[in-house]
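Reader: I have just opened this entry and would like a friendly walk through it. Could we take it step by step?

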Amino acid sequence: MASKGLQDLKQQVEGAAQEAVTAAGTAAQQVVDQATEVGQKALDQVVKTTQETVDKTANQASETFSGFGKKLGIMK
């Protein structure tokens, strides 16, 4: 009878340990997912800012060259 009690206790301990491992794995995955999402948002913002800067620079260059062309009389 004592052997049966020990076997049951062993199974309970093993079950609890497995649940703890599963919970820890789930929590770790959630942390990874959140970090990935934050990283993607940061990358998206960098890309957006870079594109805006490129667009502004291209517009300024176009306006500058247009101004030079007008001063030189080759553009209206």
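**A first look, in questions and answers**

Author: Let us start with one residue: Leu72, at 66% relative accessibility, counts as exposed. Please keep in mind that this is a predicted model.

Reader: Thanks! Where is the place of Leu72?

Author: Leu72 has a relative accessibility of 66% and counts as exposed. Its place in the chain is helix H1.

Reader: How many helices and strands are there in the protein?

Author: The protein has 0 strands. As for helices, the number is 1.

Reader: How far apart in space are Leu72 and Ala61, C-alpha to C-alpha?

Author: Along the sequence, Leu72 and Ala61 are 11 residues apart. In space, their C-alpha atoms are separated by 16 Å.

Reader: What about Ala42 and Ala17: by what distance are their C-alpha atoms separated?

Author: Ala42 has its place in helix H1, and with a relative accessible area of 41% Ala42 is partly exposed. Ala42 and Ala17 are 25 residues apart along the chain. Their C-alpha atoms are separated by 37 Å.

Reader: And how far apart in space are Gln60 and Val21?

Author: Gln60 is another residue placed in helix H1. In sequence, Gln60 and Val21 are 39 residues apart. From C-alpha to C-alpha, the distance in space is 58 Å.

Reader: Why does Gln60 count as exposed?

Author: The cut-off for exposed is over 50% relative accessible area. Gln60 counts as exposed because its relative accessibility is 52%.

Reader: What radius of gyration does the protein have, next to a compact globule of 76 residues?

Author: The C-alpha atoms fill a box of roughly 105 × 10 × 10 Å along the principal axes. A compact globule of 76 residues would have a radius of gyration near 11 Å. For the protein, the value is 32 Å.

Reader: What percentage of the 76 residues count as buried?

Author: To count as buried, a residue needs under 20% relative accessible area. Of the 76 residues of the protein, the share that counts as buried is 1%.

Reader: What part of the exposed area do carbon and sulfur atoms supply?

Author: The protein exposes about 6700 Å². The part supplied by carbon and sulfur atoms is 62%.

Reader: Which residues make the nonpolar surface patch?

Author: The patch covers about 510 Å². One of its residues, Ile74, lies in the segment after helix H1 (2–72), and Ile74 is exposed, with a relative accessible area of 67%. The residues that make the patch are Phe65, Phe68, Leu72 and Ile74.

Reader: Now for charges: how far apart do the centres of the positive and negative sets lie?

Author: There are 8 positive and 9 negative side chains in the protein. The centres of these two sets lie apart by 16 Å.

Reader: How many salt bridges does the structure hold?

Author: Side chains of opposite charge can pair when their charged atoms come close. In this structure, the number of salt bridges is 3.

Reader: Which residue forms a salt bridge with Asp8?

Author: Asp8 is partly exposed at 30% relative accessibility. Its partner lies 4 residues apart from it in helix H1, about one turn of the helix. The closest N and O atoms of the pair are 3.3 Å apart, and the partner is Lys4.

Reader: Is Lys4 buried or exposed?

Author: The relative accessible area of Lys4 is 52%. Over 50% is the cut-off to pass, so Lys4 is exposed.

Reader: How far apart are the closest N and O atoms of Lys10 and Glu14?

Author: Lys10 and Glu14 both lie in helix H1, 4 residues apart. Lys10 is partly exposed at 45% relative accessibility, and Glu14 is partly exposed with a relative accessible area of 45%. The two form a salt bridge, with the closest N and O atoms apart by 3.9 Å.

Reader: Which side chain meets Lys41 in a salt bridge?

Author: Lys41 counts as exposed at 52% relative accessibility. Lys41 and its partner both lie in helix H1, 4 residues apart, or about one turn of the helix. The N to O distance is 3.3 Å, and the side chain that meets Lys41 belongs to Glu37.

Conventions. Residues numbered from 1 in each chain as written. Predicted model: local features only at pLDDT ≥ 70, side-chain atom pairs only at ≥ 80, totals over all residues. Heavy atoms only, no water. Helix = DSSP H or I, 4+ residues; strand = E, 2+ residues; numbered from the N terminus. Rg over C-alpha atoms; globule rule 2.2 N^0.38 Å. Buried < 20%, exposed > 50% of the residue type's maximum accessible area, 1.4 Å probe, protein only. Areas by Shrake-Rupley, 256 points an atom, 1.4 Å probe, with all protein chains shown as cover. Lys, Arg positive; Asp, Glu negative; His and termini not counted. Charge placed at Lys NZ, Arg CZ, Asp CG, Glu CD. Patch = residues over 30% accessible without salt bridge, like charges linked within 9 Å, V, L, I, M, F, W, Y side chains within 5 Å. Salt bridge = Lys/Arg side-chain N within 4 Å of Asp/Glu carboxyl O.
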